[in-house]
Amino acid sequence: MRKILVFQHVAAEPLGHLDALLRDVGVRIRYVNFGREPHAQPDVRRYDGLVVLGGGQSAVSDDEHPYLSDIADLSRAAPNDRRSLADE
């Protein structure tokens, strides 16, 4: 079973229709909400894909949202051999 990791900033902004479509084909989805858990450190290597959702913050709002630099570091730690959703 394939697993993807989704980084959220706001719980009210999930994958939307894509969530149901992925689950229907057997993909397991784990959401990490950095708005609620700003110090989360999930192991991105355990997943087949990574989705980083947007939000109201700016990409350079580190002063207001210090977890943004952690998200960037975690994203860079994801293995390069993982396929993007657009590949299939």
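1. In helix α2, the buried residues are Y67, L68, I71 and L74. Viewed along the axis of α2, these buried residues lie within an arc of 120 degrees, so they line one face of the helix. The spacing follows a general rule: an α-helix has 3.6 residues a turn, so residues three or four places apart point the same way. The cover over the buried residues of α2 includes strands β1 and β3. The model under review is a predicted one, and the remarks below should be read accordingly.

2. On overall architecture, the protein contains 2 helices and 3 strands. Read from the N terminus, the order of the elements is β-α-β-β-α. Of its 88 residues, 32% count as buried. Where contacts link residues at least 6 apart in sequence, 73% of them join residues at least 24 apart. The exposed surface of the protein comes to about 5800 Å², and carbon and sulfur atoms supply 50% of that area.

3. Which residues make up the largest nonpolar core? This core has 12 residues in all: L5, F7, V32, F34, A40, V44, Y47, Y67, L68, I71, L74 and A78. Strand β1 and helix α2 (67–77) each supply at least two residues of this core. Helix α2 provides the largest share, with 4 residues. A second core, separate from this one, has 8 residues, among them I4, V6, V27 and L53.

4. Y67 deserves a separate remark, as it belongs both to the buried set of α2 and to the largest nonpolar core. With neighbours within four places in sequence left aside, Y67 is in contact with H9, F34, G35 and P38. Of these partners, F34 is itself a member of the largest nonpolar core.

5. On strand pairing, β1 and β3 run parallel and are joined by 4 bridges. Within this pairing, F7 stands opposite V52 of β3. Strand β3 spans residues 49–52; G49 and V51 form its covered face, while L50 and V52 form the uncovered one. This pattern can be set beside a general rule: in a regular strand the side chains alternate between the two faces of the sheet.

6. Is Q8 buried or exposed? Q8 is found in strand β1, which covers residues 3–8. Its relative accessible area is 6%, under the 20% limit, and therefore Q8 is buried. A polar atom of the Q8 side chain lies 3.4 Å from the backbone oxygen of E13. Not counting residues up to four places away in sequence, Q8 touches E13, P14, Y31, V32, N33, F34, G35 and L53. For V32, one of these partners, the C-alpha atom is separated from that of Q8 by 5.9 Å, although the two residues are 24 residues apart along the chain.

7. In helix α1 (residues 17–24), D19 is the residue to note. With a relative accessible area of 15%, D19 is buried. Its side chain makes a polar contact with the side chain of R23, at 2.6 Å. Apart from neighbours within four places in sequence, D19 is in contact with I29 and Y31. Y31 is also among the residues that Q8 touches.

8. D43 offers another acidic side chain for inspection, placed in the loop between β2 (28–33) and β3. Its relative accessible area is 29%, and D43 is partly exposed. The D43 side chain makes a polar contact with the side chain of R45, at 2.9 Å. From C-alpha to C-alpha, D43 and A78 are 8.5 Å apart in space, with a separation of 35 residues in sequence. A78 belongs to the largest nonpolar core.

How values were computed
Residues are numbered from 1 along each chain as its sequence is written. This is a predicted model: local features need pLDDT of at least 70, side-chain atom pairs count only at pLDDT 80 or more; totals for chains, interfaces and linings use all residues. Side-chain values use heavy atoms; hydrogens and water are left out. Buried means under 20% relative accessible area, exposed over 50%, partly exposed in between (1.4 Å probe, protein chains only). A polar contact is a pair of N or O atoms within 3.5 Å; within protein, one must be able to donate a hydrogen and the other to accept it, and residues adjacent in sequence count only if both atoms are side-chain atoms. Contact means heavy atoms within 4.5 Å. Accessible areas come from the Shrake-Rupley method with a 1.4 Å probe; for residues, only the protein chains shown count as cover. A nonpolar core is a set of buried Ala, Val, Leu, Ile, Met, Phe, Trp, Tyr and Cys residues joined through side-chain atoms within 4.5 Å. Two strands pair if DSSP finds at least two bridges between them. The arc is that of the directions from the helix axis to the C-beta atoms.
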